[in-house]
Structure formats: structure tokens, C-alpha cells
Amino acid sequence: MNNPTSTTGAETVGVKLRIPYALPLIEDREIKEVIDTLQSNWLSRGPKTLEFERKFAASVNSPHAIGLNSCTAGLHLALLAYGVGPGDEVITTPYTFIATVNTIIHCGGTPVFVDIDPITMNINADLLEQAVTSRTKAIIPVHFAGLPCEMDKIQQIAERYQLKIIEDAAHAVHTEYKGRKIGSIGDVTCFSFYATKNLTTGEGGMVTSKDEEIADRIRVLSLHGMDKNAWNRYSEKGSWYYEVQEPGFKYNMTDMQAALGLVQLGKLAYMQELRELYAAMYNSAFSRNEALILPADSSEHRHAWHLYVIRLKEELLNISRAEMIEQLQEAGIGTSVHFIPVPHHPYYRRLGFAMEDYPETKRAYEAAISLPLYPGMAVEEVNYVIFHVTRLLAAHRR
Ligand SMILES: *Cc1c(COP(=O)(O)O)cnc(C)c1O
């Protein structure tokens with residue numbers, strides 16, 4: 001583990017570092033827990049998964065949590081559990097990872113996109129109501145980069161039109177909205193523990209819900225639709241007995257994943273402090289740079305800082321976004337672009353969606369670069385990124 005030490009950044013001149021855009025923070029504790037699990041002989045869903053579900057639920061103030069093999073599985077099962085099917089519309093943002101929308105398609109539903117707010121890059125809650133029709137069943141807000149969506153406005157509209165709120169909280173494992181934990185607000189909240197996410201189990205996901213019936217349904221659907229409670233409730237049969245009421249999926253979490261997750265959950269607050277520190281370093285270094293739009297923050301909420309997305313003001317620069325990414329790569333700095341918007345992808349274009357219909361999404365996408373941000377970074381590495389971004393912008397000012 002790198003220890004943050006203070007540096008001025010001046011010593012980074014002339015030194016070449018290699019900084020990937022994201023890295024998990026896996027230490028001896030995680031490795032030991034996974035080995036213990038392997039030696040326990042219980043590899044699949046078992047006691048560790050149950051413990052992780054219990055502790056994760058408590059950490060987000062939700063009564064129920066179900067460990068899954070991905071956030072994508074969670075989104076899919078949440079939509080199915082609420083009966084989303086052919087003819088039903090689900091409103092979401094076009095500025096998200098493809099999983100958010102593919103799962104609507106998997107259910108036979110129709111995605112309806114509402115453009116983003118150009119400041120927060122989240123779904124524009126003020127445009128939401130005009131997208132509601134008699135076929136709308138649910139809204140999937142995505143807390144982009146870890147900044148919460150405007151949940152008060154979204155909840156008002158959901159109540160007015162009897163819609164379900166299924167949150168895509170893949171970036172929002174530590175996010176709070178007005179003091180409320182993400183995971184305790186919507187009908188179902190789906191978290192991702194993919195390798196680059198703030199809390200990782202390699203691959204993995206978790207859904208939380210206040211609704212016991214829906215939580216049970218998601219749990220059953222995640223294991224082939226096999227209902228073990230059937231014998232508890234209705235029969236005298238033994239522990240070998242189960243019933244299948246509908247064809248479910250194989251989406252469960254394993255105890256090897258949960259072993260990783262338990263250690264990661266225990267150090268989440270500490271990992272978040274480092275993310276916050278590094279985001280604050282970027283903010284103060286870039287705040288007076290006129291060629292940049294910085295990520296939004298809010299004192300009202302807690303930002304999980306999953307991503308640090310800068311946007312280039314190309315009208316002030318004679319370097320394109322693509323060239324900037326290339327130049328940073330040459331300096332050893334890995335970056336990414338979040339996201340290639342859903343309507344940009346050929347499959348969705350063939351369904352009739354077009355980028356031109358979402359002008360704020362298009363503009364944000366064309367300008368966005370995600371800089372490295374993760375707890376395993378050293379302060380020197382953050383300063384190195386700041387140095388090179390600042391250098392390139394200064395060299396290419398119009
Ligand atoms: C990573 C991500 C997902 C998918 O998570 P998996 O756990 O890989 O299925 C969904 N939505 C968003 C916004 C993501 O960034």
C-alpha cells in the first residue's frame with residue numbers, strides 16, 4: 001500500500017511513471033480471507049455470502065441484500081421481479097454503461113432515454129416527467145461517477161405515476177443523498193463489485209431493497225427459480241426438497257467473492273478517504289483552468305468519487321480529446337472515457353435511437369476524459385497526472 005506523502009509536484013519533471021487508469025486495492029488481508037475460504041471447502045453461496053449480505057445491508061441501512069455475480073444480474077432480476085416485459089417502457093439515462101439498458105432489452109422492455117444535466121452528468125430530473133407515458137413501468141437512475149441523482153424529484157414523479165425506482169448504483173457504493181445512504185432510497189438498488197469499482201470482489205454485485213417480497217423473489221430468481229422455502233412453509237418434506245415456480249437464472253454470488261467483499265467492505269471508509277483526498281487535489285489544481293469543465297460536487301451529498309471526469313473545452317484548445325488521451329498515454333498515464341453513450345452503439349441506432357436527440361449527452365461524451373483515481377495511487381502519482389494535464393493544456397491553448 002502506498003503511503004500518501006506530501007510533494008509539490010516539481011520533482012515529477014523529467015521522471016516517467018506508469019499510472020494505470022484504475023487498479024483494485026488488494027492486500028494480504030483479502031488474499032488470506034480467500035485462502036481461508038478455499039480451505040473451508042465451501043466455495044459457492046454459503047456462510048460468507050450470508051455474512052457479506054448482512055453486513056452490506058447494514059452499511060447502507062437496508063433491511064435486505066442479495067449477493068449476485070454482477071450488477072448487471074441485479075438490474076435484470078429487479079426488472080423481472082417488477083414484471084417488466086414486452087410493451088413496458090423504462091426511463092433511464094443515455095449516458096451510462098451498456099448494462100443498464102441491455103437488461104431492459106433482455107426483459108423485452110423498451111428503453112426511453114432522458115438527456116443528462118450538463119453540470120452533474122446525471123439524468124435531468126426536470127425532463128423526466130415529459131418522458132412518462134401510460135406504458136412507463138420504472139425509472140433507472142444512474143449515479144454517474146458516484147454523485148447522486150436528484151432523488152427527491154425522481155421519487156415525486158415515481159409516486160405520481162406509480163413507477164418503480166431501480167437504482168444503478170454501480171458507482172455509488174459509498175454515496176449519500178441528503179444524508180441518506182444510496183441503497184436505502186429506491187425500490188431496488190443495484191451495486192457492482194467489478195474489478196475497477198470502489199469495492200471489488202473481482203466480479204460481483206449486490207441488490208438491496210426495503211421490500212421483503214421483492215428481495216425474496218430476486219433471491220429465488222438468482223438460483224434457477226428454486227424455492228427452498230416451499231418446504232419450510234407448506235410441507236413436511238426434508239432439506240433436499242425444493243420447488244421451481246418459474247425458470248430463474250444462475251446469478252448467485254460465491255463465498256470466494258464474498259470473502260474478498262467482506263475485507264473490502266471493512267476498509268471502504270479508508271479507501272474512500274483516499275479517493276476524496278485525491279479528488280480534492282485534482283479539484284484545487286484544475287479549478288482555475290479555463291480550458292476544463294470539472295466534475296460537479298455538492299456539499300449536500302456524499303460523492304463516492306468512483307470516477308474523476310474532466311471535460312475539455314475544445315473551443316479554447318488546439319488539441320482534440322483523442323490527441324489528449326494519446327499524449328497522456330505517452331506520458332505513461334492511463335485514462336478512459338465514461339461513457340460511450342448507449343445511442344451511439346450500432347445495435348441501439350438500429351432500434352432508432354440517435355445521439356442527436358440527446359445533445360447534452362453528445363457534448364459531454366465528446367469532451368470527457370476519466371483521469372486515474374483509486375486508493376492505491378500515491379500522492380506523487382496524483383501530482384504527476386496534474387502536472388501532465390496542466391502542461392498539455394497550457395501547450396495547446398488557443
Ligand atoms: C460497471 C457498471 C455496471 C455493470 O456492473 P457489473 O457488475 O460489471 O455487471 C452497470 N452500470 C454501470 C453504470 C457501471 O459502471
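**Ligand site, pockets and cavities**

A polar side-chain atom of K197 lies 3.2 Å from an oxygen atom of the ligand, a pair that falls under the polar-contact cut-off (N or O atoms within 3.5 Å). The model is predicted, so that local features need pLDDT of at least 70 and side-chain atom pairs count only at pLDDT 80 or more, whereas totals for chains, interfaces and linings use all residues. Residues are numbered from 1 along each chain as its sequence is written, and side-chain values use heavy atoms, with hydrogens and water left out.

Two further side chains approach the ligand through polar atoms. For S192, an N or O atom of the side chain is 2.7 Å from an oxygen atom of the ligand, while D168 places a polar side-chain atom 2.7 Å from a ligand nitrogen. The ligand on its own has 390 Å² of accessible area, of which the protein covers 93% (Shrake-Rupley method, 1.4 Å probe). The surrounding shell (a heavy atom within 4 Å) numbers 16 residues, and T72, D168, H171, S192 and K197 are the closest of them. By class, this shell has 7 nonpolar, 7 polar and 2 charged residues, where Asp, Glu, Lys and Arg count as charged, Ala, Val, Leu, Ile, Met, Phe, Trp, Tyr, Cys and Pro as nonpolar, and the others, Gly among them, as polar. Helices α3 (71-81) and α4 (99-106) each contribute at least two residues to the shell (DSSP runs of H or I, at least four residues; strands are E runs of at least two).

Where does the ligand sit? It occupies the second largest pocket (more than half of its atoms within 2 Å of the grid points). A pocket here is an open set on a 1 Å grid with protein on both sides within 12 Å along at least five of seven lines, and its lining residues have an atom within 4 Å of a point. The second largest pocket holds about 480 Å³ of space, and among its 26 lining residues F97, H171, Y194, K197 and F339 lie nearest the centre. Helices α3 and α4 are the elements that give two or more residues to this lining. The lining divides into 11 nonpolar, 12 polar and 3 charged residues. F339 is placed in the loop between α10 (321-330) and α11 (346-350), and a cis peptide bond, with omega about -5 degrees, joins H338 to F339.

The largest pocket has a volume of about 710 Å³. It is lined by 23 residues, and R219, V220, L223, M226 and K228 are the closest to its centre. Helices α2 (47-59), α6 (212-221) and α7 (229-234), together with strand β10 (226-227), each supply at least two residues of this lining, and α6 gives the largest share with 6 residues. In this lining, 10 residues are charged, 7 are nonpolar and 6 are polar.

Enclosed space can be considered next. A search of the whole structure finds 3 cavities of 30 Å³ or more, and the largest holds about 60 Å³. The lining of this largest cavity has 8 nonpolar, 2 polar and no charged residues, and includes T120, M121, F144, P295 and H303. M121 belongs to the loop between β3 (110-113) and β4 (136-140), and its phi is near 65 degrees, a positive value in a residue other than glycine. Most residues other than glycine have a negative phi, and most peptide bonds are trans.

How values were computed
Polar contact = N/O pair within 3.5 Å; in protein donor to acceptor, adjacent residues only side chain to side chain. 1 Å grid on protein atoms, 1.4 Å probe; cavity = no way out; pocket = protein on both sides within 12 Å on 5 of 7 lines; lining within 4 Å. Points joined across faces, edges and corners; volume = space filled by probe spheres on them.
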